[in-house]
Amino acid sequence: MKVSLNNVTKTYDLKGSPAVNNISFTVEHGEILSLLGPSGCGKTTTLRLLAGFEALDSGFIYFDEKLIASANLTLPPEERNIGMVFQDYALFPHLNVFENITFGIRDKKIKQQECERLLRLINLTGLEKRYPHELSGGQQQRIALARALSTKPSLILMDEPFSNLDTSLKKQMRDEIKRIVKDSGVSAVMVTHDPEDALVMADKIIIMKNGVIEQQGLPHELYKRPATEFVARFLGEANILDISSFKETATGKVVLRPEDICLSKEGIYEGVVEKSQYLGNRVEVALLYQNQTILAKVPNTLVVENGQRISFSINWDSVYFLN
């Protein structure tokens with residue numbers, strides 16, 4: 001299903017700023033789109049507008065060619081053919097896996113068949129009789145997604161799906177959930193505040209700030225070519241530097257990612273090590289260069305000391321000028 005938002009605005013307090021302010025975007029059929037931003041940016045409100053939990057003030061929302069929301073229309077959630085995965089999974093504690101997954105299936109004749117199909121899809125065959133408290137966090141998450149898919153929705157909405165998982169499990173689950181959603185063929189919108197979730201999961205990312213869209217596009221486009229300093233910093237560590245420090249005839253600011261700096265004797269620039277941190281698979285080094293601090297990520301075999309003068313080079317092909 002194709003989802004389109006056209007000039008959508010939502011205000012909770014008429015005297016305050018809109019929670020969502022004149023935003024427009026499209027989710028193509030089978031696409032995973034991530035709404036990414038800090039708390040209070042409007043991403044959860046946008047998800048609630050898509051779900052039908054909130055009424056918009058102005059604008060239009062279409063599912064394919066069907067108008068499902070406007071200032072004068074709010075189609076109820078149960079009529080939108082959507083599935084929802086909540087932040088806390090919201091599994092029924094008194095129901096087993098079979099009963100949770102098939103809760104929304106009205107035809108009793110197909111419940112067993114559908115449960116078996118979905119358990120195969122999420123790689124949890126054989127756990128039909130377990131209760132939520134007997135499952136790991138990752139298993140609970142997949143059961144919640146299977147329940148959302150059980151009614152064969154055209155759109156899946158996921159609210160911070162990985163926030164309750166530890167780091168190692170989160171990495172595993174991102175790959176697994178993406179596979180499940182793609183294999184199902186549904187469109188999906190995921191809300192997250194974690195840039196890594198969005199970069200790994202999404203076909204397209206929308207970065208929001210103060211109720212508006214700062215930038216939208218493909219993950220690698222946003223990372224390599226951020227439109228604003230906010231986008232550059234929110235998607236990962238970034239050096240925002242005055243280009244004149246490196247090229248006297250140039251003016252403006254550039255985005256330089258820490259991984260695009262190489263510390264070596266062949267470098268044409270020289271800085272002073274302010275501090276370094278050993279992080280296992282890499283070393284992060286803060287360099288002072290012409291009154292600017294530059295963060296570099298280098299191999300863990302490099303040993304540097306505070307106050308050491310060190311040469312470095314820059315991969316200028318990866319440097320991006322801010323507008």
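Visitor: Hi! What does the secondary structure of the chain come to?
Guide: Hello! In this predicted model, the chain has eight helices and 19 strands.

Visitor: And what box do the C-alpha atoms fill?
Guide: Along the principal axes, that box is roughly 75 × 45 × 30 Å.

Visitor: How many of the residues count as buried?
Guide: The chain has 323 residues, and 50% of them count as buried. As for the surface, the chain exposes about 15900 Å², and carbon and sulfur atoms supply 48% of that area.

Visitor: What about charges, how many positive and negative side chains are there?
Guide: There are 37 positive and 40 negative side chains. The centres of those two sets lie 4 Å apart.

Visitor: Okay, new topic. Which domains does the chain have?
Guide: The domain assignment gives domain 1, covering 3-232, and domain 2, covering 238-322. Eight residues from domain 1 and nine residues from domain 2 take part in the contact.

Visitor: How far apart are the C-alpha centres of the two domains?
Guide: The centres of domain 1 and domain 2 are 38 Å apart.

Visitor: Let's zoom in on helix 3. Which of its residues are buried?
Guide: Helix 3 spans residues 111-121, and its buried residues are E114, C115, L118, L119 and L121. Looking down the helix axis, you'd find them within an arc of 155°, so they line one face of helix 3.

Visitor: Nice. And what sits on the face turned away from the buried side?
Guide: That face of helix 3 carries Q113 and R120, which are exposed.

Visitor: What do the buried ones pack against?
Guide: Three other helices: the buried residues of helix 3 pack against helix 2 (97-101), helix 4 (137-149) and helix 5 (167-184).

Visitor: What happens just after helix 3?
Guide: There you reach N123, which takes a positive phi of about 60°.

Visitor: I clicked on R179. Where is that one found?
Guide: R179 is in helix 5, one of the helices that the buried residues of helix 3 pack against.

Visitor: What is R179 in contact with, leaving aside its neighbours within four places in sequence?
Guide: R179 is in contact with L121, I122 and N123. You've met two of those already: L121 is among the buried residues of helix 3, and N123 has the positive phi.

Visitor: How far apart are R179 and L121 along the chain, and in space?
Guide: They are 58 residues apart along the chain, while their C-alpha atoms are separated by 9.2 Å.

Visitor: Last one: what is the relative accessible area of R179?
Guide: The value is 28%, and R179 counts as partly exposed because that lies between the 20% limit for buried and the 50% limit for exposed.

Note on methods: Residues are numbered from 1 along each chain as its sequence is written. This is a predicted model: local features need pLDDT of at least 70, side-chain atom pairs count only at pLDDT 80 or more; totals for chains, interfaces and linings use all residues. Side-chain values use heavy atoms; hydrogens and water are left out. Helices (H or I, at least four residues) and strands (E, at least two) are DSSP runs, numbered from the N terminus. Buried means under 20% relative accessible area, exposed over 50%, partly exposed in between (1.4 Å probe, protein chains only). Accessible areas come from the Shrake-Rupley method with a 1.4 Å probe; for residues, only the protein chains shown count as cover. Lys and Arg count as positive and Asp and Glu as negative; His and the chain ends are not counted. The place of a charge is taken as NZ of Lys, CZ of Arg, CG of Asp or CD of Glu. The arc is that of the directions from the helix axis to the C-beta atoms. Contact means heavy atoms within 4.5 Å. Domain bounds come from an automatic or database domain assignment.
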